[in-house]
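Visitor: Could you take me through this structure by way of its strands, its helices and its pockets?

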Amino acid sequence: MSASANGPPAWATEPVYLADADPAWALRGERERDRLEALLEPWLIAHIEHVGSTSIPGLAAKPIIDLQALVTDLEDPELLAEVLQPHGWHYVDPDLDQRPWRRFFVRVVDGRRAAHLHVMTSDSPRWYQQLIFRDALRANPDLVVEYAALKQALASEHADDREAYSIAKADFVRSVLVDR
């Protein structure tokens, strides 16, 4: 992640902002997935998945497309970064990301986050958890309503702390996963 002399780039510390659900997110996710699959084809071992709140119809979300890619290993993310960087993707160093089970990239458009790419291996439980959670919400409108209310409350409470916002959603996510 490149930083200016005054600290991290603005997109790294954006406040939590939820937008109303947008049916165009599905198409944005498909387009981003198709571009990434073409760029990352030598490393991929499965199709890239659109996950996160923008992949769930009717759910308010940070207007950032979350995608996850499955690769054989995470040993040399710099090669991926070299391929992705000319297309607006920024590699977030694992020491900053604090999630050893993935390598994380952020696509920046006009100085703002537009997409996240979570690169994982098939032995990562998180790969499957993301898909199970997404599919559970897609199948249950009541869960969508409950999750939307929680997200709105947490976005107000943690507007300036993206990490706290994410952590505060964890119990809800776990409860959905336990029931699957």
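The conversation below begins with the sheet and ends with the pockets.

Visitor: In what order do the five strands of the open sheet lie?

Guide: This is a predicted model, and what follows describes that prediction. In general, strands of a sheet pair through backbone hydrogen bonds, either parallel or antiparallel. Here the pairing is mixed, and the five strands of the open sheet follow the order β1-β2-β5-β4-β3.

Visitor: Which strands are the edge strands?

Guide: An edge strand of this sheet is one that pairs on one side only. Three bridges join β1, residues 49-51, to β2 in the antiparallel sense, while β3 and β4 pair, also antiparallel, over four bridges. The edge strands are β1 and β3.

Visitor: Which residue of β2 is the bridge partner of His50?

Guide: The strands β1 and β2 run antiparallel and are joined by three bridges. Glu49 stands opposite Gln68 in β2, and the bridge partner of His50 in that strand is Leu67.

Visitor: Do β2 and β5 run parallel or antiparallel?

Guide: Strand β5 spans residues 112-121, and seven bridges join β2 to it. One of the residues involved is Asp66, whose bridge partner in β5 is His116. The direction of β2 and β5 relative to each other is parallel.

Visitor: Why is β2 largely enclosed by the rest of the structure?

Guide: In a regular strand the side chains alternate between the two faces of the sheet. In β2, Ile65, Leu67, Ala69 and Val71 point one way, Asp66, Gln68 and Leu70 point the other way, and all are buried. Strand β2, residues 65-71, is therefore largely enclosed, the number of its seven residues that are buried being seven.

Visitor: What angle does the direction of α1 make with that of β2?

Guide: Within the sheet, neighbouring strands are turned by 30 degrees against each other on average, direction ignored. Helix α1 packs on this sheet, touching β1, β2, β3, β4 and β5. The angle between the direction of α1 and that of β2 is about 30 degrees.

Visitor: Across which strands does helix α2 lie?

Guide: Helix α2, residues 77-84, runs at about 15 degrees to β4, a strand that is mostly covered, with six of its seven residues buried. The strands across which α2 lies are β3, β4 and β5.

Visitor: Which residue in the turn of the hairpin formed by β4 and β5 has a positive phi?

Guide: Seven bridges join β4 to β5, which run antiparallel, and in β5 the bridge partner of Arg107 is Ala115. The hairpin has two residues between its strands. Most residues other than glycine have a negative phi. The residue in the turn with a positive phi of about 55 degrees, although not a glycine, is Asp110.

Visitor: Is Asp110 buried or exposed?

Guide: Asp110 lies in the loop between β4 and β5. Its relative accessible area is 78%, and a value over 50% counts as exposed. Asp110 is therefore exposed.

Visitor: How far apart in space are Arg113 and Pro63, C-alpha to C-alpha?

Guide: Arg113 is found in strand β5 and is buried, with a relative accessible area of 13%. Leaving aside neighbours within four places in sequence, the residues in contact with Arg113 include Trp11, Pro63, Phe104 and Arg162. Arg113 and Pro63 are 50 residues apart in sequence, and their C-alpha to C-alpha separation is 8.4 Å.

Visitor: Which residues lie closest to the centre of the largest pocket?

Guide: The largest pocket has a volume of about 1,300 Å³. Its lining divides into 21 nonpolar, nine polar and 14 charged residues, and the elements that each supply at least two of them include β4, β5 and α6. Of the 44 lining residues, the closest to the centre are Arg99, Arg102, Arg126, Glu163 and Ser166.

Visitor: Which element gives the most to the lining of the second largest pocket?

Guide: The second largest pocket holds about 260 Å³ of space and is lined by 19 residues, of which Ala26, His50, Thr54, Ser55 and Arg138 lie nearest its centre. At least two lining residues come from each of α1, β1 and α4. The element that gives the most, with five residues, is α1.

Terms used:
Residues are numbered from 1 along each chain as its sequence is written. This is a predicted model: local features need pLDDT of at least 70, side-chain atom pairs count only at pLDDT 80 or more; totals for chains, interfaces and linings use all residues. Side-chain values use heavy atoms; hydrogens and water are left out. Buried means under 20% relative accessible area, exposed over 50%, partly exposed in between (1.4 Å probe, protein chains only). Two strands pair if DSSP finds at least two bridges between them. On a 1 Å grid over the protein atoms alone, a cavity is a set of points where a 1.4 Å probe fits but cannot get out, and a pocket is an open set with protein on both sides within 12 Å along at least five of seven lines; lining residues have an atom within 4 Å of a point. Grid points are joined across faces, edges and corners, and a volume is the space filled by probe spheres set on the points. Ala, Val, Leu, Ile, Met, Phe, Trp, Tyr, Cys and Pro count as nonpolar, Asp, Glu, Lys and Arg as charged, and the others, Gly among them, as polar. Axes are lines fitted to C-alpha atoms, for helices over the stretch in contact, and angles run from 0 to 180 degrees between N-to-C directions. Contact means heavy atoms within 4.5 Å.
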